[in-house]
Amino acid sequence: MEQRKRKQRGVSVRLIRCNRSRNFHVKSGDLTSMEDKRRRARVQGVWSGPPRSTQRPDTQPLASKSQTWNKEQSSLDKNFVYRDPAEVNRRVPDPRVINSAGTFEISSSPAGVSRLRLFPSFIDPREANWMFDQLRREIPWSQKTNMGPDGPYQQPRLTCWYGEVPYTYSRSTLQANSHWHPLLTMLKDHIEEVTGYTFNSLLCNLYRNDKDSIDWHSDDEAALGINPVIASLSLGETRHFQMRRKPLPEDHGDFTYVERVHVPLDHGTLLLMEGATQEDWQHRVPKEYHDRKPRINLTFRTMYPGTTS
Ligand SMILES: O=C(O)CCC(=O)C(=O)O
């Protein structure tokens, strides 16, 4: 009972507050229960205001609207910069993740179709274990020095080159080396048999831990010819192979809105990059924020002797 009275008092106080502007006073004792309900409903309606969608922007009196307009217009005149609405609405696309077996056309351009083919477990994991150990021990790994805009720097990984012709990239050269390790020859033959392509060169990369990486680049040296096919076999720790599409000329080298593809490359996986992939896309293996064990990556290619890379 006491609670009900307090409730009624609360309503009457709110009603009085609400109707003050109309000099309309209601005492709590005057309320019958029906009237109480009706008024509560009305009061709630008043307090909650009209639904947003029915609030029309043109209900402002004309005079005050034009005053505001004049004020705002003069400040806009000073600061007005034309922005192409298409540019304002652009959003950074989510990367496309490719993590299952198959053939994936990732783009098409005047240079051709860019295509990836993924073969998870191309090498059985148990076979891949001993291959990894043997290659890590027996390949003559070394750390190459590249020339960057700020001078020479050591590559954050170890490499070894096999091929009849030297390989030059990042303004430094890996000398020709025809002493193929028999296991590498065997792997090359197996990849050629399955894919139908032939290769005459191989760049081996050893990522010793999470700090080792390869930065954004394309395998597009002249000595690799037009639209080269690259066969990339991974052994050891899984690392993230990331790709980004080269921006259109009107984006002036800004990669913010370009399409991206992520491919986790794990033990025994073969990735083929075909068509215009090197012309239209870049790739990298970034450093990681968590501990990573070693990983070997073998990238088989075809080099054309007589072409300077
Ligand atoms: O380690 C990888 O998966 C990529 C290696 C690579 O990009 C290269 O050798 O050009």
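**View 1. Seven helices and 16 strands make up the secondary structure of this protein.** What you have here is a predicted model. Of its 309 residues, 22% count as buried. Look at the contacts with a separation of 6 or more, and 75% of them turn out to link residues 24 or more positions apart.

**View 2. Five strands line up as an open sheet.** Reading across, the order is 1-13-12-15-10, and the pairing is mixed. Strand 1 (96-97) and strand 10 (214-217) sit at the edges with a single partner strand each, so one side of each has no neighbour in the sheet. Further in, strand 12 (residues 239-245) and strand 13 (residues 260-265) run antiparallel, joined by six bridges. To find your bearings on that pair, pick out Phe241, whose bridge partner in strand 13 is Val263.

**View 3. Here is the shell of residues around the ligand.** The residues to look for are Leu203, Asn205, Ile214, Asp219, Ser232, Phe241, Leu265, His283, Val285, Asn297 and Thr299. Strand 9 (201-207), strand 15 (281-285) and strand 16 (295-301) are the elements that give two or more residues to this shell. By type, the shell divides into five nonpolar residues, five polar ones and one charged. Phe241 may look familiar: besides being part of this shell, Phe241 is the bridge partner of Val263 in the previous view.

**View 4. Strand 16 is mostly covered and has pairing partners to show.** Six of its seven residues are buried. Strand 9 runs antiparallel to strand 16, with seven bridges joining the two; on this pairing, Leu206 stands opposite Ile296. Strand 11 (230-236) also pairs with strand 16 in the antiparallel sense, over six bridges. For a landmark there, find Ala231, which has Phe300 of strand 16 as its bridge partner.

**View 5. Helix 5 (residues 125-138) comes with a buried side and an exposed face.** At 1.5 Å a residue, its 14 residues should span 20 Å, and the end C-alpha atoms are indeed 20 Å apart, so the two values agree. The buried residues are Ala128, Met131, Phe132 and Leu135. They cover an arc of only 105° around the axis, which puts them on the same side of helix 5. The general rule behind this kind of pattern is that an α-helix has 3.6 residues a turn, so residues three or four places apart point the same way. On the face turned away from the buried side you'll find the exposed residues Arg126, Trp130, Asp133, Arg137 and Glu138. And what do the buried residues of helix 5 pack against? Their partners are helix 6 (182-195), strand 11 and strand 16.

**View 6. Asn227 and His252 each have a positive phi without being a glycine.** Most residues other than glycine have a negative phi. Asn227, with a phi of about 45°, lies in the loop between strand 10 and strand 11. His252, with a phi of about 50°, belongs to the loop between strand 12 and strand 13. How exposed is each of them? Asn227 has 18 C-beta neighbours inside 10 Å, so it counts as partly exposed. His252 has 7 other C-beta atoms within 10 Å and is therefore exposed.

Notes
Residues numbered from 1 in each chain as written. Predicted model: local features only at pLDDT ≥ 70, side-chain atom pairs only at ≥ 80, totals over all residues. Pairing = 2+ DSSP bridges. Helix = DSSP H or I, 4+ residues; strand = E, 2+ residues; numbered from the N terminus. Buried ≥ 20, exposed ≤ 12 C-beta atoms within 10 Å, placed from the backbone. Contact = placed C-beta atoms within 7 Å. Near = placed C-beta within 6 Å. Nonpolar A, V, L, I, M, F, W, Y, C, P; charged D, E, K, R; others polar. Expected span 1.5 Å × (residues − 1). Arc of directions from axis to C-beta.
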